[in-house]
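Please look over the structure shown here. The briefing that follows goes through it topic by topic.

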Amino acid sequence: MKLQLKNDLILRAARGEKVERVPVWLMRQAGRILPEYRAVRNSLSGFKELVETPELACEVTLQPVDILGVDAAIIFSDILVVPEAMGVTYQMKKGVGPIFETTVRTERDAESLIIPDPHDKLRYVSDAISLTKKELDGRVPLIGFAGAPWTIFSYIVEGGGSKTFSNARKILYQNPTLAHSVLNKITQTTITYLKAQIEAGADMVQVFDSWAGILPKKQYEEFALPYIKEICDSIDTVPKTVFSKGAYRSISEIAKLNCNTVGLDWNMDRKEGRQLVGNERTLQGNLDPCTLYAPDEVLVKETQQMLEDFGSQRYIANLGHGVYPDTNPEKVKLFIETVKKHQF
Ligand SMILES: Cc1c2[nH]c(c1CCC(=O)O)Cc1[nH]c(c(CCC(=O)O)c1C)Cc1[nH]c(c(CCC(=O)O)c1C)Cc1[nH]c(c(C)c1CCC(=O)O)C2
């Protein structure tokens, strides 16, 4: 039974329907900034226990809705659950980030990657989504997500985070066939995974291509964009957002994808972004996350400027990337309140 949403602003904005005010949420709003999150997190053995226990994932997903008043929840999980389900396991090290036990750099590594059934290997995510939908009781929509194939590829080739991802980028030059075969496997997994999230109740989905910006335009359009296109073309039941951080040169190509919303980071000029994307897509973004360190007056002024630049329709207010972990939640509340109160 489909429950009626009490607040569906973000879904309407994504579809280009009229909204009475601009919806607002923050990338990485679940976890990272709230003391209530840290309390749950510190009581556990680690990040993975939180991700893999639906009751706990549900609890921290709801926190920003209850405490911050955002117009959408995003399921608490991580983009790295996908490579893990494919057979490349990771550990989340405090203060370091993800570390993979193996890397994917040879044909043999690529062949050993499995395309899992998400109903089996990623069942804990679907369960967390169903439970969260129940607990949300229609208050706001729930966003499902996955990493874009290029970003996942970067992590599993590199074996963790990196400043340059030069091992991942090296393969694009030395063995493009291998790169395509790995990207293809990640794509097939991501499609069934996002479909399982939607089946479980996700009201919209976002694809995070966090490392899009390290590729030259030509490579972005060969190794990243076609796989995002395949994902977008395979999903037609809920609104889709594509956030390719730093892909400035390819924004008009991204806008041609079968998606509803295009995410912009803070370096993208807003007017130019709108011009390149056109009026058939919704824009999401793009306040510099560091604006949340500014004095209140500056934060309010910058937020208001952003709203005026983007306008009241076909727009979802957000930061230009995830909220930084040391951000004061009071500043986040002020940001949200400023969006909600704004009169155009
Ligand atoms: C690149 C990427 C990752 N994960 C993600 C991305 C894409 C978005 C982006 O670019 O920021 C996406 C992500 N990760 C997490 C979410 C949860 C939902 C949300 O609040 O948006 C989402 C959407 C939880 C998390 N994922 C992680 C944490 C912190 C872990 C902890 O509590 O110890 C959280 C709350 C860990 C993580 N996960 C990842 C890294 C590099 C790290 C370590 C550094 C960091 O904290 O961001 C990979």
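**Briefing: a loop, two helix pairings and some unusual backbone**

Setting aside neighbours within four places in sequence, Arg32 is in contact with Tyr37, Val323 and Pro325. This is a predicted model. Arg32 is also one of the positions that UniProt, in an unreviewed entry, marks as "binding site".

**What the record says**

- The unreviewed UniProt entry places "binding site" at Arg28, Gln29, Ala30, Gly31, Arg32, Asp78, Tyr155, Ser210 and His321.
- That record also gives the annotation "domain: Uroporphyrinogen decarboxylase (URO-D)". It covers residues 23-32 and 143-159.
- Residues 23-32 are 0% helix and 0% strand. The C-alpha atoms at the ends of this span lie 21 Å apart.
- Residues 143-159 are 59% helix and 29% strand. Here the end C-alpha atoms lie 28 Å apart.

**The loop between H1 and H2**

- Gln29 sits in the loop between helix H1 (9-15) and helix H2 (35-42). Arg28 lies in the loop between H1 and H2. So do Ala30 and Arg32.
- Is Gln29 buried or exposed? Gln29 counts as buried, because it has 28 C-beta neighbours inside 10 Å, and the cut-off for buried is 20 or more.
- Gln29 is in contact with Pro64, Leu68, Val70, Ile74 and Val323, leaving aside neighbours within four places in sequence.
- Ala30 is buried too, with 24 other C-beta atoms within 10 Å.
- Leaving aside neighbours within four places in sequence, the contacts of Ala30 are Val60, Thr61, Gln63, Pro64, Ile74 and Phe76.
- Ala30 and Val60 are 30 residues apart in sequence. In space, their C-alpha atoms are 6.1 Å apart.
- Arg32 counts as partly exposed, because it has 17 C-beta neighbours inside 10 Å.
- Arg28 has 18 such neighbours inside 10 Å, so Arg28 counts as partly exposed.

**How H11 packs against H12**

- Two packed helices are described by the angle between their axes and the distance between the axes.
- Helix H11 (residues 176-200) and helix H12 (residues 217-234) pack at an angle of about 25°. Their axes are 10 Å apart.
- Why are H11 and H12 called roughly parallel to each other? Their angle is about 25°, and angles under 35 degrees count as roughly parallel.
- H11 passes H12 in a right-handed crossing.
- On the H11 side, the contact uses Ala179, Leu183, Thr187, Thr190, Ile191 and Leu194. On the H12 side, it uses Phe223, Tyr227, Glu230, Ile231 and Ser234.
- The residues of this contact divide into seven nonpolar, three polar and one charged.

**How H9 packs against H11**

- Helix H9 (residues 149-158) packs with H11 at an angle of about 120°. The axes are 9 Å apart.
- H9 and H11 are therefore oblique to each other.
- The crossing of H9 with H11 is right-handed.
- H9 brings Pro149, Trp150, Ile152 and Phe153 to the contact. H11 brings Val182, Leu183, Ile186, Thr187 and Thr190.
- By class, the contact of H9 with H11 has seven nonpolar, two polar and no charged residues.

**Unusual backbone**

- Most residues other than glycine have a negative phi, and most peptide bonds are trans.
- Arg28 has a positive phi, near 65°.
- Arg314 also has a positive phi, about 50°, although it is not a glycine.
- Where is Arg314 found? Arg314 lies in the loop between helix H15 (296-310) and strand S9 (315-319).
- Arg314 counts as buried, because it has 24 C-beta neighbours inside 10 Å.
- A cis peptide bond joins Gly285 and Asn286, with omega about -20°.
- Asn286 is found in strand S8 (residues 282-287).

**Trp266 and its surroundings**

- Trp266 lies in the loop between strand S7 (261-263) and helix H14 (270-277).
- Trp266 counts as partly exposed, because it has 17 C-beta neighbours inside 10 Å.
- Which residues does Trp266 touch, not counting those up to four places away in sequence? They are Asn286, Leu287, Asp288 and Gly320.
- Trp266 and Gly31 are 235 residues apart along the chain. Their C-alpha atoms are separated by 22 Å.

Notes:
Residues numbered from 1 in each chain as written. Predicted model: local features only at pLDDT ≥ 70, side-chain atom pairs only at ≥ 80, totals over all residues. UniProt positions renumbered as here; feature names shortened; annotations may be inferred. Helix = DSSP H or I, 4+ residues; strand = E, 2+ residues; numbered from the N terminus. Buried ≥ 20, exposed ≤ 12 C-beta atoms within 10 Å, placed from the backbone. Contact = placed C-beta atoms within 7 Å. Axes fitted to C-alpha atoms, helices over the stretch in contact; angles between N-to-C directions. Left-handed = near helix turned anticlockwise from the far one by under 90°. Nonpolar A, V, L, I, M, F, W, Y, C, P; charged D, E, K, R; others polar. Parallel < 35°, antiparallel > 145°, perpendicular 65-115°, else oblique.
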